[in-house]
Amino acid sequence: MESTQERRTRIRVPLEVELCEQAHRGEARVRTRNISELGLCYENSTLAPRRDGDEVILRFCLPGDPQPIQVLGVIADERCLARTSETCVSFVWPRAADAQRIRDYVTSRSSRQCRPGALRLR
């Protein structure tokens, strides 16, 4: 059996919100899957495929927080199949207030997952 080593150094928590992705080829609306302090993943971008390192601007709101976050990101990994894609983006120098809001969201959700009997994400 082949073992895979987890590359992520930060905890990711589920995040299911609409996100607006802007790139040099246009703009797309996608659904997020998860978020960490350093980036997020989303599915089915009409702008895929791209190369790792390509820049995108992301706009989204965290649940319960009406103030939108806008952050520059770079494609860290993008996997495309016939009709689906998964895109992972690393944040590039988010504003301090936005970084704190993301950190607070991740921390509050990760502490809920660590309670006895709670499911843990892989």
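**Figure 1. D98 and its salt-bridge partner R95.** In this predicted model, D98 is tucked away, counting as buried at 5% relative accessibility. Its partner across a salt bridge is R95, with the closest N and O atoms 3.3 Å apart. R95 sits on the other side of the scale: its relative accessible area is 51%, so it counts as exposed. The pair doesn't stand alone, either, since D65, R95, D98 and R101 are linked in a network of salt bridges. Side chains of opposite charge can pair when their charged atoms come close.

**Figure 2. A salt bridge between strands β2 and β3.** Here E18 and R29 pair up, and their closest N and O atoms are 3.8 Å apart. E18 belongs to strand β2 (residues 18-23) and R29 to strand β3 (residues 26-35), so the bridge ties together parts that are eleven residues apart in sequence. How accessible is E18? E18 comes out at 46% relative accessibility, so it is partly exposed. R29, at 55%, counts as exposed. For the wider picture, the structure holds twelve salt bridges.

**Figure 3. E78 and R50, a salt bridge out of sight.** Are E78 and R50 buried or exposed? Both E78 and R50 are buried. Their side chains meet in a salt bridge, at 2.7 Å from N to O. E78 comes from strand β6 (residues 69-80), while R50 comes from the loop between β4 (39-43) and β5 (55-60), so this pair ties together parts that are 28 residues apart in sequence.

**Figure 4. The loop between β4 and β5: a cis proline and a positive phi.** This loop has some backbone quirks to look at. The peptide bond from A48 to P49 is cis, with omega near 5 degrees, and P49 lies in the loop between β4 and β5. N44 is found in the loop between β4 and β5 too. Its phi is near 60 degrees, which is a positive value in a residue other than glycine. As for the surface, N44 has a relative accessible area of 40%, so it counts as partly exposed.

**Figure 5. W93, a tryptophan out in the open.** Where does W93 lie? Look for W93 in the loop between β7 (85-92) and α1 (96-113). It has a relative accessible area of 80%, so it is classed as exposed. The backbone of W93 is worth a look too: phi is near 45 degrees, again positive in a residue other than glycine.

**Figure 6. Two cysteines, C41 and C61.** A disulfide is a covalent bond between the sulfur atoms of two cysteines. How many disulfides does the model have? The count comes to zero. C41 is buried, with just 1% relative accessible area. C61 has 30%, so it is partly exposed.

**Figure 7. L15 and the residues packed around it.** L15 lies in the loop between β1 (13-14) and β2, and at 1% relative accessibility it counts as buried. Which residues does L15 contact, leaving aside its neighbours within four places in sequence? They are T32, R33, N34, I35, L62, P63 and Y105. P63 is 48 residues away from L15 along the chain, yet their C-alpha atoms are separated by 8.3 Å.

**Figure 8. R12 reaching N34.** R12 comes in the segment before β1. Although it is an arginine, R12 counts as buried, at 16% relative accessibility. Its side chain makes a polar contact with the side chain of N34, at 2.7 Å. N34 also turns up among the contacts of L15.

**Figure 9. I35 and the nonpolar core.** The largest nonpolar core has 23 residues, and the ones with the most contacts inside it are I35, Y42, L58 and F60. β2, β3, β4, β5, β6, β7 and α1 each supply at least two residues of this core. Zooming in on I35, and not counting residues up to four places away in sequence, the residues it touches are I11, R12, V13, L15, L40, F60, L62, F91, I102, Y105 and V106. That list links back to earlier views, with L15 and R12 both included.

Definitions and conventions: Residues are numbered from 1 along each chain as its sequence is written. This is a predicted model: local features need pLDDT of at least 70, side-chain atom pairs count only at pLDDT 80 or more; totals for chains, interfaces and linings use all residues. Side-chain values use heavy atoms; hydrogens and water are left out. A salt bridge is a side-chain nitrogen of Lys or Arg within 4 Å of a carboxyl oxygen of Asp or Glu. Helices (H or I, at least four residues) and strands (E, at least two) are DSSP runs, numbered from the N terminus. Buried means under 20% relative accessible area, exposed over 50%, partly exposed in between (1.4 Å probe, protein chains only). A disulfide is a pair of cysteine sulfur atoms within 2.5 Å. Contact means heavy atoms within 4.5 Å. A polar contact is a pair of N or O atoms within 3.5 Å; within protein, one must be able to donate a hydrogen and the other to accept it, and residues adjacent in sequence count only if both atoms are side-chain atoms. A nonpolar core is a set of buried Ala, Val, Leu, Ile, Met, Phe, Trp, Tyr and Cys residues joined through side-chain atoms within 4.5 Å.
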